[in-house]
Amino acid sequence: MLPLQRRVGYLTTAAVAVAVALASLAGWATVRSSLYSSLDSELVDVATSLSVPAAQDINNLGGLTERSLRAGNISVAAIRSDGTTYYVPDERDHLVLGPDELATARVHFGYSARSGRMSDGERYRIVSVPITNLPGVALVVGRPLAATDAVLGSLLLVVGVIGLLGIAIAAAAGTAVARSSLRPVRQLSDAVEQIAETKELRPVRVSGAADVAVLARSFNDMVGSLAASRERQRRLIADAGHELRTPLTSLRTNVDLLLMDARTGMLREGDRLAILTDVQGQLTEFTKLVGDLVQLARDDGEATPEAIDFRHVVTSALERVRRRGPGLDFDVELDPFYVVGVSDALERAVTNLLDNAVKWSPPGGTVRVQLEGNRLRVADEGPGIAEADLPRVFDRFFRADTARTTPGTGLGLSIVAQVVRQHGGVVRAGRSAQGGAEFTVVLPGARSLEALPQPAAV
C-alpha cells in the first residue's frame, strides 16, 4: 500500500495528464477540422468554376492540361452516373474515384468531400460537385494533402511536447501540494504515535484545512477526555487506598489481638466481645466502602435506558430507607414525572439522599420528600451543611468536620452527583427552611409518558 502523500501525488498527476491529453487532442482535432473545412471550401469553389468549361467538352474536361493542373496544384476528373470516368488526356497519374463521387453524379445535388489517393498512392483531398449543364455528371477536383499533413504533424509534435511539459509541471505541483496539504495529517499521525509510545496525553496543535482542523480538534477532545478519565481514575485509586488503609489497619490490629488472646487467654470476656463487635462494625463499613467504590468505578454507558415513572423510583427508595429510620416521620408529596434512564442507578442515588437525611435527622424529626415538576427535594431537620463545605459536599471521600466521628464512607453524595450527571441532570445542596440540609435534583423528563422522548443510551 502506497503512502497517502504519494497516492495523492500520483492521482493529481494522472488527473492533470488526462486533462492535458484530452485538451491537446481536442485542440489538434479542431485545427485539423478547420484546415480540412477551409481546403474543402477552396476546392468546391475551384470545381464550381471549372464545371462550366468542362460541360462544354466533357471528354477533354474543357481543354485542361497537366501543366495547368500543376500550376493550380490540383487534379481534375469527371464521373458519369453510370460509372464512366473522364481524365485530363496528358495527366500521367489520376485521382482514384469512389462511391462518394458516383453518388454526387447520381444525386446531382450538393457535394462530397473526403481524403483519398492518386493512382501513385499520394494522399489527396477530393471534392466532387455536380455539373449543372450535364445531368448525371459530377466534376471531381483533388489537391495534395502533404502540406496540410505537415502542418498537422508539426502541431501534433508541439502539442505532445507541451503536454509532456505540462504533465511534468503537474507532477511537481501535485507532489508539492500533497506534501503541503498532508503536513497537518502527518503531524497528527506523529502526535498519535508519540502518545502511543510515551503514554503522555498531550493535545496537538490545530492547523491546516477545515477538515483536518476538525479532525485535530476531535482528537484533542478525545485526548482531553482520556486525560480527565485517567486523572479521575488516579484520584479514585489514591483516595480509595487512603480510605481503605484505615479500616484495614484497624481490622488487622483487632484480629492480631484476637489471635494473641486465642494463644494466651489474656482478654476478659467483655473485652473480647467488644473487639468482635468492633470487627463486625468495621467489616460492615468496609463492605459498604467497597460497594460504593464499585458503584463509582462502574460505566453505566452500556446500560439500557427505559422510560421510568420517577415516582416509583422514589417510592421504592423510601420503602428501603424507612426501615433504617424508625421513629422518623416522612412527609412525602409526589407529582407525576417520567424520565428516561436506568432505574437501579436512579434508585441508588435517591436512596443515598434519603440515607443522608435519616443519618442527620434528630429523633422524632421529619424528612420531607417533594417531587414537583422535574425537581426532587429531600430535606431534613438536622444541623445542616456549613457554608464553607457546600462547594465540596459532592466530592469523593469528602467528610465535614462534624461527620468524621459518624459512620460513612464519604462516597454517597458523590454517587448521587455521578448518577444525576449521567442522566443529564444536576444536583444542588443547600439549607432547608427548617435549618437542616436540603438537596435538589433536577432531571430532564416530562409530566406524562406520551410526552417523554424516545429512550437513548445514558
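Before you click on anything, here's one bit of vocabulary: Ala, Val, Leu, Ile, Met, Phe, Trp, Tyr, Cys and Pro count as nonpolar, Asp, Glu, Lys and Arg as charged, and the others, Gly among them, as polar. Keep in mind too that the model on your screen is predicted.

**Stop 1: a hole inside**

Rolling a probe the size of a water molecule over the atoms shows where empty space is left. Here the count comes to 1 cavity of 30 Å³ or more, and its volume is about 40 Å³. To find the spot, select Phe310, Leu346, Ala349, Val350, Leu353, Leu376, Val420, Val441 and Leu443, which line the cavity. Which helix gives the largest share of the lining? Colour residues 343-360, helix α9: 4 of the lining residues come from there. Now try sorting the lining by class: you get 9 nonpolar residues, no polar ones and no charged ones.

**Stop 2: three strands**

Next, show strand β7 (residues 329-334) and strand β9 (residues 366-372) as a cartoon. These two pair in the parallel sense, over 6 bridges. For a landmark, pick Phe330 and look across to β9, where Val367 stands opposite.

Now add strand β10 (residues 375-379). What is the sense of its pairing with β9, parallel or antiparallel? The two run antiparallel, joined by 5 bridges. Click Val369 and you'll find Val378 of β10 standing opposite. Then follow the chain round the turn: the hairpin of β9 and β10 has 2 residues between the strands, and Gly373 in this hairpin takes a positive phi near 65°.

**Stop 3: out on a loop**

Carry on past β10 and select Arg392, which sits in the loop between β10 and α10 (412-422). Arg392 counts as partly exposed because its relative accessible area is 46%, and that class lies between 20% and 50%. Now bring up Ser414 and draw a distance between the C-alpha atoms. Arg392 and Ser414 are 22 residues apart in sequence, and in space the gap is 9.8 Å.

**Stop 4: a helix with a buried side**

Last, jump back to helix α5 (residues 183-198). At 1.5 Å a residue, its 16 residues should span 22 Å, and the end C-alpha atoms are indeed 22 Å apart, so the two agree. Which residues of α5 are buried? Select Pro184, Leu188, Ala191 and Ile195 to see them. Turn the view until you look down the axis of α5: the buried residues fall within an arc of 55°, so they line one face of the helix. Finish with Lys199, which follows α5 and has a positive phi, near 65°.

Terms used
Residues numbered from 1 in each chain as written. Predicted model: local features only at pLDDT ≥ 70, side-chain atom pairs only at ≥ 80, totals over all residues. Heavy atoms only, no water. 1 Å grid on protein atoms, 1.4 Å probe; cavity = no way out; pocket = protein on both sides within 12 Å on 5 of 7 lines; lining within 4 Å. Points joined across faces, edges and corners; volume = space filled by probe spheres on them. Pairing = 2+ DSSP bridges. Buried < 20%, exposed > 50% of the residue type's maximum accessible area, 1.4 Å probe, protein only. Expected span 1.5 Å × (residues − 1). Arc of directions from axis to C-beta.
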